Amino acid sequence: MRKIYFHCEDELMYFCELLFQKEKKIHLHWENQSRHKNELTILQHVPDDSIKACMIQLFMQFRFHRMMKEIIQDTFHYDKDEEVEAIMHWTDWVITANIHHERLYKHHETFQKFLRPLFSRYIFDRTYIHFDEMCLFSRQEVKRKMTQIVGYAIDEWKEEERYQHFIHAIRVYIQSRPSKIDEIHILHEDTFQFFTYRGEKIVQEQIEHHLEKEPLYLFGIDTLEYDVTPVITFLPKQIYVYTDDLADTKVTALRNIFEEKVTPLQKKYFPFRVKEN
């Protein structure tokens, strides 16, 4: 028999739901001892691993975002609601997408796995478990790790903001320039291959000739964006991109810049014959 105490009734109810999902059949007794103490008695043996897993999910559901917001405001000193919300969104993304895991966790693959040994040290062989006490017991190490995660999230957020400003500047530039061709067809291989509406391949010399006439250096565009810059120099009215990977960064950049002018199609619909080199 084990007793688990919760300050918050909602946390107790959620823990019970999680435990039922894991153990299927289980006998529990809940007693509300006072306004600040809910006692849950587990009337049969439940493995530590099951309790630990439920505690981790409980922490993520009820305590994680509370601590995250505290770190954003008190450690990194962001207090505007829109900034706090943006950083919380990016922190969730760093966690769920497992971004920067090699630098964050060493021997741990995810944040939840990082929590396992911390919660295990508290839960191991205890008859009486206090959820609030367990969170306090692990708080210093959890906060240290979460501060690292929030730091990476802020870096990602700022990088995205810089990218959006960059995209906006290019859009404004494009709107002020006349189109040079009606349409361009782009075949997405390892790089972009460009074709006229007649199926004539646009060679590198032609691209470089047009690039010399456009002040794209003002936007910091360099060879890393070489697949996208030719489209900016030609400023077509309509862009057909034939790709099987819409998530590719080059395709994404093209769609972000030209928006409704871009029509994505599968590569099998490319209408021209490509000559082998």
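# Reading cysteines, salt bridges and backbone angles

Guide: Start with Cys54. Its sulfur is 9.5 Å from the closest cysteine sulfur, which belongs to Cys16, and that is too far for a bond. Keep in mind that this is a predicted model.

Visitor: Where does Cys54 sit, buried or exposed?

Guide: Cys54 is buried, at a relative accessible area of 0%.

Visitor: How should I read a disulfide, and how many disulfides does the count give?

Guide: The general idea is a covalent bond between the sulfur atoms of two cysteines. In a model, test the distance: the two sulfur atoms must be within 2.5 Å. Here the count comes to zero disulfides. Cys8 is in no disulfide either, since the nearest cysteine sulfur, in Cys135, is 12 Å away. Cys8 is partly exposed, with a relative accessible area of 25%.

Visitor: Next, salt bridges. How many does a search of the whole structure find?

Guide: The general idea is a distance test again: a side-chain nitrogen of Lys or Arg within 4 Å of a carboxyl oxygen of Asp or Glu. The search of the whole structure finds 15 salt bridges. One of them joins the side chains of Arg63 and Asp132, at 2.9 Å from N to O.

Visitor: Which parts does the pair of Arg63 and Asp132 tie together?

Guide: Arg63 lies in the loop between helix H2 (48–62) and H3, while Asp132 lies in helix H7 (residues 131–175), so the pair ties together parts 69 residues apart in sequence. Now check the cover. Arg63 is buried, with a relative accessible area of 12%. Asp132 counts as partly exposed, at 31% relative accessibility.

Visitor: What about Glu70 and Arg139: where in the chain are they?

Guide: Glu70 is in helix H3 and Arg139 is in helix H7, so this pair too should be read along the chain: it links distant parts, 69 residues apart. Their side chains meet in a salt bridge of 2.4 Å, N to O. Glu70 is partly exposed, at a relative accessible area of 25%. Arg139 is partly exposed too, at 26%.

Visitor: And Arg121 with Glu141: how many residues apart in sequence are the parts they tie together?

Guide: The answer is 20 residues: Arg121 lies in helix H6 (residues 111–123) and Glu141 in helix H7. The salt bridge between their side chains is 2.7 Å, N to O. Arg121 is partly exposed, with a relative accessible area of 48%. Glu141 counts as partly exposed at 32% relative accessibility.

Visitor: Which residues do salt bridges that share partners join into one network?

Guide: Glu11, Arg63 and Asp132. Look for shared partners whenever you list pairs.

Visitor: Now charges on the surface. Which residues form the negative surface patch?

Guide: For a patch, look for residues with over 30% relative accessible area and no salt bridge, with like charges joined within 9 Å. In this model, Asp79, Asp81, Glu82 and Glu85 form a negative patch. Asp79 is in the loop between helix H3 (64–75) and helix H4 (81–96). Asp79 is exposed, with a relative accessible area of 60%.

Visitor: How do I read phi, and what is the value near which phi of His100 lies?

Guide: Most residues other than glycine have a negative phi. Phi of His100 is near 60°, a positive value in a residue other than glycine. His100 lies in the loop between H4 and helix H5 (101–105). At 17% relative accessibility, His100 counts as buried.

Visitor: What is the phi of Glu259 near?

Guide: Near 50°, again a positive value in a residue other than glycine. Glu259 is found in the loop between helix H10 (249–258) and strand E8 (262–265). Glu259 is partly exposed, at a relative accessible area of 41%.

Visitor: Last, separations. What separates the C-alpha atoms of Tyr197 and Glu183?

Guide: Read two scales, along the chain and in space. Tyr197 and Glu183 are 14 residues apart along the chain, and their C-alpha atoms are separated by 6.3 Å. Tyr197 lies in the loop between strand E6 (192–195) and helix H8 (204–211). Tyr197 is partly exposed, with a relative accessible area of 49%.

Visitor: How many residues apart in sequence are Leu12 and Ser138?

Guide: The pair is 126 residues apart in sequence and 19 Å apart in space, C-alpha to C-alpha. Leu12 is in helix H1 (residues 9–23). Leu12 is buried, at a relative accessible area of 0%.

Technical notes: Residues numbered from 1 in each chain as written. Predicted model: local features only at pLDDT ≥ 70, side-chain atom pairs only at ≥ 80, totals over all residues. Heavy atoms only, no water. Patch = residues over 30% accessible without salt bridge, like charges linked within 9 Å, V, L, I, M, F, W, Y side chains within 5 Å. Areas by Shrake-Rupley, 256 points an atom, 1.4 Å probe, with all protein chains shown as cover. Lys, Arg positive; Asp, Glu negative; His and termini not counted. Charge placed at Lys NZ, Arg CZ, Asp CG, Glu CD. Helix = DSSP H or I, 4+ residues; strand = E, 2+ residues; numbered from the N terminus. Buried < 20%, exposed > 50% of the residue type's maximum accessible area, 1.4 Å probe, protein only.
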